[in-house]
Amino acid sequence: MDGVGDMPYPSRPPPPQVAALVDRARRRDPAAFRDLFQTHVGSVHRVVRRIVGPRADVEDLVQTAFVEAFRSLPDFRGDALFSTWLTRITVRVTLRAARRRHLATASLDDVVEPASITPGPERVAAAREALALVESLLAELRPKRRAAFVLHVLEGYSVEEVAAILSASTAAVKVRVHDARRQIERRLRQNPAMLAMLTHPGGES
């Protein structure tokens, strides 16, 4: 699937640098906590938002994920990358919130032709429209299926990493990602205007 499946993976800081920060944070170094937060807050925020959508409590969930992670630092043994371990906690916090409150799922038919939110360059408006469409596509997926798709396809984690994060088998992760792809592709086929917008934002060829 072009567009969604072929997004570039975000870069991550070198593991030795992060390991040094983790070691300092274990010794209760406030600067290390701050640096770990600043280094990973973007990816944590992105995972939370992609799983729950544009909810009002996204920032609260991000903060909760970091609080739980920092409290659990003595339990981090380094068997996995810190980013993988942090993502596991982030997903657990996010799915827990999703279970407590049903996620609001907007109909994709209601956002095929969204209006511009604020005046601005055409490219910015098109990007906002495409983002709203992607979030609507993700919102229609079941939580576990959505988490697997977000982590593997959008965040670039391997199937094995996703399995560790979600405490699932690699087979289960592959099934969830496959089913998510099929569901998204089916919805795109049903909405040619949406497919065109996601593939060529702003009408560019």
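Colleague: How many helices and strands does the chain have?

Modeller: The chain has nine helices and zero strands. Here helices (H or I, at least four residues) and strands (E, at least two) are DSSP runs, numbered from the N terminus. This is a predicted model, in which local features need pLDDT of at least 70, side-chain atom pairs count only at pLDDT 80 or more, and totals for chains, interfaces and linings use all residues. Residues are numbered from 1 along each chain as its sequence is written, and side-chain values use heavy atoms, with hydrogens and water left out.

Colleague: What percentage of the residues count as buried?

Modeller: Buried means under 20% relative accessible area, exposed over 50%, and partly exposed in between (1.4 Å probe, protein chains only). Of the 205 residues of the chain, 42% count as buried.

Colleague: Thanks! Now helix α8: what span should its 21 residues have?

Modeller: The expected span of a helix is 1.5 Å times one less than its number of residues. Helix α8 covers residues 170-190, so it should span 30 Å, and its end C-alpha atoms are indeed 30 Å apart.

Colleague: Which residues of α8 are buried?

Modeller: They are Val173, Arg176, Val177, Ala180, Gln183, Ile184, Arg187 and Leu188. These residues cover an arc of only 135° around the axis, so they lie on the same side of α8. The arc is that of the directions from the helix axis to the C-beta atoms. Lys174 and Arg189, on the other side of α8, are exposed.

Colleague: Which residues does arginine 145 touch?

Modeller: Contact means heavy atoms within 4.5 Å. Not counting residues up to four places away in sequence, arginine 145 touches Arg176, Asp179, Ala180 and Gln183. Among these, Arg176, Ala180 and Gln183 are in the buried set of α8. Arginine 145 itself is found in helix α6 (residues 143-154).

Colleague: Is arginine 145 buried or exposed?

Modeller: Arginine 145 counts as buried, because its relative accessibility is 17%.

Colleague: Let's try leucine 138. Where is it?

Modeller: Leucine 138 sits in helix α5, residues 122-139. Its relative accessible area is 3%, so leucine 138 is buried. Leaving out residues up to four places away in sequence, leucine 138 touches Arg50, Arg146, Phe149, Val150 and Leu154. Arginine 50 is 88 residues apart from leucine 138 along the chain, while their C-alpha atoms are separated by 7.1 Å.

Colleague: And what share of contacts joins residues 24 or more positions apart?

Modeller: Such pairs account for 67% of the contacts in the chain with a separation of 6 or more.
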